[in-house]
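User: Please take a close look at the aromatic ring contacts in this model, and at the strands that follow on from them. Keep to the geometry and give the cut-offs.

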Amino acid sequence: MGLRWSVYKNAFGAFNGLNFRIQRSLSRGMKPTFLIYQVTTACNSKCRMCGIWKTKPDNELSLKEVEDLLDRPFFDKVHWVNITGGEPFVRKDIVQIVKAMKERLPGLQLIAIPTNGFLTSKIIDTVKDMLEVLNKKVILNVNVSIDGIGEKHDYIRRTEGGYKKAIKTLDELYKLQLADDCFETGTETVIMDHNANNIRNIYEELKNHTPHVNLTPAILSPFYTTEQESAHMSNKTITKMLKFFGELRLKEPAYAYYHSKVSRILGEKGLMKRPFPCLGGYKTMYLDARGNVYPCLMLPIPKFLVGNIRDCPVEELWHGPTAKDIRKRLKGHLYCTRCTNNCDIMNNLKEEVWDFGMFMMKNKDVRKALMKDLNEGRMKKYV
């Protein structure tokens, strides 16, 4: 009864979805339910598909500035937070930031943090401190980014011994998961030409360490991708990836909805509209390390800058004329119409459930497989 009710109550997101569609038609922002916060640009890796490590980590928001910002009623509907970087665990006061979120965001349900996993001891100690601070009131998710096996991963990340470090971190994090039902770990793998031939091997090997393996296609952001050939996806790579997604349909039913949308975007050459909703700029907000506000973490460039929270109250920025103009421009932006990013997938599944509900209604086999997984405890904490 408890699980079934948890599933059914998510259907109330249909009402939120209706409101979102009305506000989107008017290009109006809403109080964010999902906050993506870049705590630092500092990184201890030099990944081939990312150039953020070339930036200098200066003028970043202080802990006091973060606390003052989160005190504002504007954030009282935030349910999910993604703490990103750089490498988030490089920031020394990250535990205090997590504490500030727990104490100041009354609706907070989940904090997710990606990591390259290279600082094993520091990451494990920090996660333990976070779990103590959260005190089982908020789910903590820490995913380790792994894009290949052994030397292949080291090559992509330009870090000697990186794979062994990442796996060690993952294994230690999984021990924490077994001991705490409010913590979950897993892996994130970006599919690109560098690793496309080994997708199945990567998936199967990582499954030996965690039940949570997330596969996403490389996305060529105008900002983050400085070596586009490194994160490139040829037609051959796309074909292999989509075929494998099809094989995972019932093995990983929690990802079937997202994988089906990726297949449409990358498989239909004439598609000029993203086939699932993006809440970026409406209910999803990106805040960078220096206090700049953007509607999307993949487009943190001057033409899409809403403003800086040091110059103006965040609610005035979000509901002001600049933000409205940006929302209008993004509706027809070529990058957005072909975007496969799943950054706000939790917002989609909880706040804008119409499209997800229709997918499940049309795909009875996926629905049955998902319910089976939920009954066995997989993904249950996210329902």
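Analyst: The ring pairs come first, then the charges over rings, then the strands.

The model is predicted, so local features need pLDDT of at least 70 and side-chain atom pairs count only at pLDDT 80 or more, while totals for chains, interfaces and linings use all residues. Residues are numbered from 1 along each chain as its sequence is written, and side-chain values use heavy atoms, with hydrogens and water left out.

Rings of Phe, Tyr and Trp (its six-membered ring) pair if their centres lie within 6.5 Å; planes under 30 degrees apart count as stacked, over 60 as edge-to-face and the rest as tilted. The count by this rule is nine aromatic pairs. In one of them, Phe74 and Trp318, the ring centres are 6.4 Å apart and the planes are at 70°, so the pair is edge-to-face. Because Phe74 lies in the loop between α3 (63-70) and β2 (80-84), and Trp318 in helix α11 (residues 314-318), this pair ties together parts 244 residues apart in sequence. Helices (H or I, at least four residues) and strands (E, at least two) are DSSP runs, numbered from the N terminus. Both Phe74 and Trp318 are buried, meaning under 20% relative accessible area, with exposed over 50% and partly exposed in between (1.4 Å probe, protein chains only).

Tyr257 and Phe359 have ring centres 5.6 Å apart and planes at 70°, so they too are edge-to-face. Tyr257 is in helix α10 (residues 253-267) and Phe359 in helix α15 (residues 354-362), so the pair ties together parts that are 102 residues apart in sequence. Tyr257 and Phe359 are both buried. They belong to one aromatic cluster with Tyr258, Phe276 and Phe356.

A charge sits over a ring if NZ of Lys or CZ of Arg is within 6 Å of the ring centre and within 35 degrees of the ring normal. Arg274 lies over the face of Phe276, 3.7 Å from the ring centre. Arg327 is over the face of Trp318, at 5.2 Å from the ring centre.

Now the strands. Two strands pair if DSSP finds at least two bridges between them. Three bridges join β2 to β3, and these strands run parallel; Asn82 stands opposite Ala112 in β3. Strand β3 (residues 110-115) has five of its six residues buried, so it is largely enclosed by the rest of the structure. Six bridges join β3 to strand β4 (residues 139-145), also parallel, with Ile113 opposite Val142 in β4.
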